[in-house]
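Please open the model in your viewer and keep the selection tool at hand, as each stop below begins with something to select.

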Amino acid sequence: MGHKKEVNKQIALGFIVLAILALGLWSLIPNHQPGNRVEYTLSWLAVFSIPLFLGIHPILFRRYNSADLIKGYNASESIRFEQAYLSNTVEQTAVNVLTVVTLGMVAPLGLIKLVPIQAIIYVIGRVLFYFSYRANPMKRFVGFVLGYYVAVGSLLLSVCFVISGNT
């Protein structure tokens, strides 16, 4: 039960960092009135692949350098961390891509800069998750909060825009 106190501290810190990043990026990213919201939204999707590459490359090099792993039928403890990170990142990327595309399609054009804000926060969160998880799995929650709850916020905003008809 003692672990919950530490986890809850990290979760709270994650929400504080999320708010600071969102406000900071809001002030740094210029207002952009794209001619085509679809092109603008889709142009940010490649950013979401960065954490996937962070997970794929270590596995690729470990397999390449191992006679057993390169054959593909021998899972090893040596890549267990990378497999766990990559699996989690695939899930997080799917959720974020779906929510950012939805947000990009329904947000009022004056708020379209929420798309790059979500992309940047997601990448920062996943990179932080990767390095904190590698160092100590119990320290990964700030990065998780950034990567996951930015998508939750995006989904909630999208639903509000659709319900209000303010798209």
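Begin by selecting helix H3, residues 50–64, together with helix H5, residues 80–106, in what is a predicted model. On the H3 side, show the side chains of Pro51, Leu52, Leu54, Gly55, Ile56, Pro58, Ile59, Arg62 and Arg63, which meet Glu82, Gln83, Tyr85, Leu86, Thr89, Val90 and Thr93 on the H5 side. If you colour this contact by residue class, you will find nine nonpolar, four polar and three charged residues.

Now hide the side chains and look at the two axes, which lie 9 Å apart and pack at an angle of about 150°. Because angles over 145 degrees count as roughly antiparallel, H3 is described as roughly antiparallel to H5. Turn the view so that one helix lies in front of the other, and the crossing in which H3 passes H5 is left-handed.

Keep H3 selected and add helix H6, residues 114–135. Here the axes are 8 Å apart, and the two helices pack at an angle of about 35°. Which residues of H3 meet H6? They are Ile50, Pro51, Leu54, Pro58 and Arg62, and across from them in H6 stand Tyr122, Val123, Arg126, Val127, Tyr130 and Arg134. The contact of H3 with H6 has eight nonpolar and three charged residues, with no polar ones. Pro51, Leu54, Pro58 and Arg62 are worth labelling, since they appear in the contact of H3 with H5 and also in the contact of H3 with H6.

Next, drop H3 and select H5 with H6, whose axes come within 11 Å and cross at roughly 170°. That angle makes H5 roughly antiparallel to H6. Coloured by class, the contact of H5 with H6 shows eleven nonpolar, eight polar and three charged residues.

For the following stop, select Ala22, Leu114, Ile117, Val150 and Leu157, which lie nearest the centre of the largest pocket, among the 14 residues that line it. The space in this pocket comes to about 200 Å³. Helix H1 (2–28), helix H6 (114–135) and helix H7 (141–164) are the elements that each give two or more residues to the lining. Which helix gives the most? H7 does, with five residues. By class, the lining of the largest pocket has eleven nonpolar and three polar residues, and no charged ones.

Finally, clear the selection and view the whole protein chain as a cartoon, where the secondary structure comes to seven helices and zero strands. Along its principal axes, the C-alpha trace of the protein chain spans about 55 × 40 × 30 Å.

Conventions: Residues numbered from 1 in each chain as written. Predicted model: local features only at pLDDT ≥ 70, side-chain atom pairs only at ≥ 80, totals over all residues. Heavy atoms only, no water. Axes fitted to C-alpha atoms, helices over the stretch in contact; angles between N-to-C directions. Helix = DSSP H or I, 4+ residues; strand = E, 2+ residues; numbered from the N terminus. Parallel < 35°, antiparallel > 145°, perpendicular 65-115°, else oblique. Left-handed = near helix turned anticlockwise from the far one by under 90°. Contact = heavy atoms within 4.5 Å. Nonpolar A, V, L, I, M, F, W, Y, C, P; charged D, E, K, R; others polar. 1 Å grid on protein atoms, 1.4 Å probe; cavity = no way out; pocket = protein on both sides within 12 Å on 5 of 7 lines; lining within 4 Å. Points joined across faces, edges and corners; volume = space filled by probe spheres on them.
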